[in-house]
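Can you take me through this model the way you would read it at the bench, one feature at a time?

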Amino acid sequence: MDDDIVVEEDDALKAFLPHGFGKQETKANKTLQIERSKRPRLEQPRQEKDRNDQWTGDGLSKAGGDDYDDDGDDDDDDDDDSDEEDEYPVSHEVVLKTHERPITSMTLDPSGSRLITGSTDCTVKFHDFASMTPTTLRAFKSVDPTASKTSASSETHPVHHVEFNPVSPSTLLVISAIPQAKLLSRDGESIAESVKGDMYLRDMHNTKGHISEITTGTWHPTDRDLCVTAGTDSTLRIWDCSVRMAQRDVIVHKSRAAGSAGRTRMTAIAWGASPQGNSSNLVAAALDGSLVMWSGHGPYTRPSAEIRDAHQRDTWTGGLDISSDGRTVVTRGGDDTIKLWDTRKFKTPVSTVSHPSTTSQYPTSGIRFSPTSTSIITGSPTRSLHILNPATLKPDLITPITPNSPLISLLWHPKLNQILTGSANAETHVLYNPTLSTRGAAT
């Protein structure tokens with residue numbers, strides 16, 4: 001036959017058959033991944049918005065005290081929300097589900113490549129953004145910092161705090177619910193451990209370490225060798241990490257609350273820059289309601305300033321942070337308030353607002369300044385991230401994160417410009433904006 005045989009192309013068969021032999025290169029569709037990570041818009045229940053006056057509500061809204069208009073234009077509301085999403089890195093998210101219980105703390109190294117989280121499931125999880133793909137959103141290592149190699153039946157304890165050394169990110173400070181702090185490498189290997197003090201000594205200055213549970217800790221902002229821990233033994237202890245966590249200074253907080261016998265529990269701590277720029281400030285909160293500040297370089301015999309009734313006595317102040325310029329301190333108390341303090345006039349709060357607390361159930365519920373201190377972030381007992389204006393402490397943006405689950409730990413990374421949240425439902429959410437954010441989850 002002279003006529004050529006014509007075979008019709010079968011698109012389904014063509015897609016099924018390989019295009020070549022040997023190892024095939026897999027290319028990720030970055031645009032598609034970003035589109036899939038776009039957060040769905042969750043509307044706030046109208047009755048909840050009316051009841052809470054746009055303050056403790058859980059919808060994505062620009063809150064500022066304006067009256068809610070039942071007959072308002074929904075299109076205008078959507079435009080306002082889009083504007084807010086463009087201003088803050090919250091339009092997209094990546095969700096990590098690597099823990100089994102509430103996430104109490106998180107830290108990112110300065111480069112933004114390695115994320116480490118701590119939880120009440122007694123583990124510390126190590127995540128590497130560079131090795132993650134949409135199908136491999138998991139931790140590459142899990143460490144129990146209190147597990148003993150010598151005993152298989154050793155007890156495990158919840159993790160209160162994890163933090164990279166800001167000057168030397170090869171070292172990680174880990175605080176568990178025991179009297180000893182621990183230093184790990186960025187790969188999870190044990191480096192050093194602090195000493196447990198003698199509980200039979202009455203003078204805390206004479207003990208070589210904490211005699212009871214440590215609640216939190218942090219690094220010196222500029223000195224790579226110094227970190228501080230706060231304990232339930234009414235002390236702060238400064239450690240020299242250049243010699244395997246040798247105790248350098250002991251700060252004993254003498255409570256003046258009636259019936260306390262001069263002791264209380266230290267609940268939160270922050271070590272930041274001072275307004276003068278040539279020193280640092282060490283600020284701590286206590287269960288007796290006090291807020292105390294010392295010069296970061298000492299002497300520590302007496303505080304440079306103390307506020308006895310900063311928050312209600314016997315309520316746990318778990319959130320504490322210092323602004324980047326060292327001029328302001330923000331606290332989130334167990335008395336359902338958020339307060340802003342001026343370190344130069346450390347007597348009365350500059351601003352106070354009501355905000356429901358979750359520290360009775362989750363003691364590490366935090367509050368943080370943004371990298372430029374132009375915003376403050378904190379969570380709600382239900383599900384939302386609140387981005388507050390430091391001038392008024394009123395929310396510029398409220399956006400839902402984890403339905404019916406409190407936000408506990410928060411972090412706003414300066415280099416990535418991404419916000420991370422850890423929730424009581426064991427989820428870690430990495431919020432970003434493809435335009436504003438770089439690397440990290442955006443890759």
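The dialogue below goes through sheets, backbone details and a cavity.

Q: Before anything else, what kind of model is this?
A: The model is predicted.

Q: How do I read a sheet, and what is the strand order in the open sheet that holds E14?
A: Start with the order of the strands, then look at the direction of pairing. Here 4 strands form an open sheet in the order E14-E15-E16-E17, and the pairing is antiparallel.

Q: Which strands stand at the edges of that sheet?
A: An edge strand has a single partner strand. That is the case for E14 (266-273) and E17 (305-307), so each has one side without a neighbour in the sheet. On average, neighbouring strands of this sheet are turned by 15 degrees against each other, direction ignored.

Q: How many bridges join E16 to E17?
A: Strand E16, residues 291-295, is joined to E17 by 3 bridges, and the two run antiparallel. To find the register, look for residues that face each other across the pair: leucine 291 is opposite isoleucine 307 of E17.

Q: What should I look for in the loop between E16 and E17?
A: Check the omega angles there. Proline 299 lies in this loop, and the peptide bond between glycine 298 and proline 299 is cis, with omega about 0 degrees.

Q: Which strands make up the open sheet that contains E1?
A: Read it in the same way. This open sheet has 4 strands in the order E1-E28-E27-E26, paired antiparallel. Its edges are strand E1 (92-96) and strand E26 (407-413); each has a single partner strand, so one side of each lacks a neighbour in the sheet. The average turn between neighbouring strands of this sheet is 20 degrees, direction ignored.

Q: How many bridges pair E26 with E27?
A: There are 6 bridges between E26 and strand E27 (residues 418-423), in the antiparallel sense. For the register, take leucine 411, whose bridge partner in E27 is leucine 420.

Q: How do I read a positive phi, and where is cysteine 122?
A: Note the residue type, then its place and its exposure. Cysteine 122 is not a glycine, yet its phi is near 75 degrees. Cysteine 122 sits in the loop between strand E3 (114-119) and strand E4 (124-128).

Q: Is cysteine 122 buried or exposed?
A: A residue counts as buried under 20% relative accessible area. Cysteine 122 has 10%, so it is buried.

Q: What is the phi of methionine 245?
A: Methionine 245, likewise not a glycine, has a positive phi of about 60 degrees. Its place is the loop between strand E12 (235-240) and strand E13 (246-252). With a relative accessibility of 2%, methionine 245 is buried.

Q: How many cavities of 30 Å³ or more does the structure hold?
A: There are 2. To read a cavity, take its volume and then its lining. The second largest has a volume of about 30 Å³.

Q: What lines the second largest cavity?
A: Its lining includes Pro145, Val174, Ile178, Lys182 and Glu193. By class, the lining residues are 4 nonpolar, 3 polar and 2 charged. Strands E7 (171-176) and E8 (181-185) each supply at least two residues of this lining.

Q: Which residue stands opposite lysine 182?
A: Glutamate 193 of E9 does. E8 and strand E9 (residues 190-193) run antiparallel and are joined by 3 bridges. Their hairpin has 4 residues between the strands, and glycine 188 takes a positive phi near 95 degrees there.

Key: Residues are numbered from 1 along each chain as its sequence is written. This is a predicted model: local features need pLDDT of at least 70, side-chain atom pairs count only at pLDDT 80 or more; totals for chains, interfaces and linings use all residues. Side-chain values use heavy atoms; hydrogens and water are left out. Two strands pair if DSSP finds at least two bridges between them. Axes are lines fitted to C-alpha atoms, for helices over the stretch in contact, and angles run from 0 to 180 degrees between N-to-C directions. Buried means under 20% relative accessible area, exposed over 50%, partly exposed in between (1.4 Å probe, protein chains only). On a 1 Å grid over the protein atoms alone, a cavity is a set of points where a 1.4 Å probe fits but cannot get out, and a pocket is an open set with protein on both sides within 12 Å along at least five of seven lines; lining residues have an atom within 4 Å of a point. Grid points are joined across faces, edges and corners, and a volume is the space filled by probe spheres set on the points. Ala, Val, Leu, Ile, Met, Phe, Trp, Tyr, Cys and Pro count as nonpolar, Asp, Glu, Lys and Arg as charged, and the others, Gly among them, as polar.
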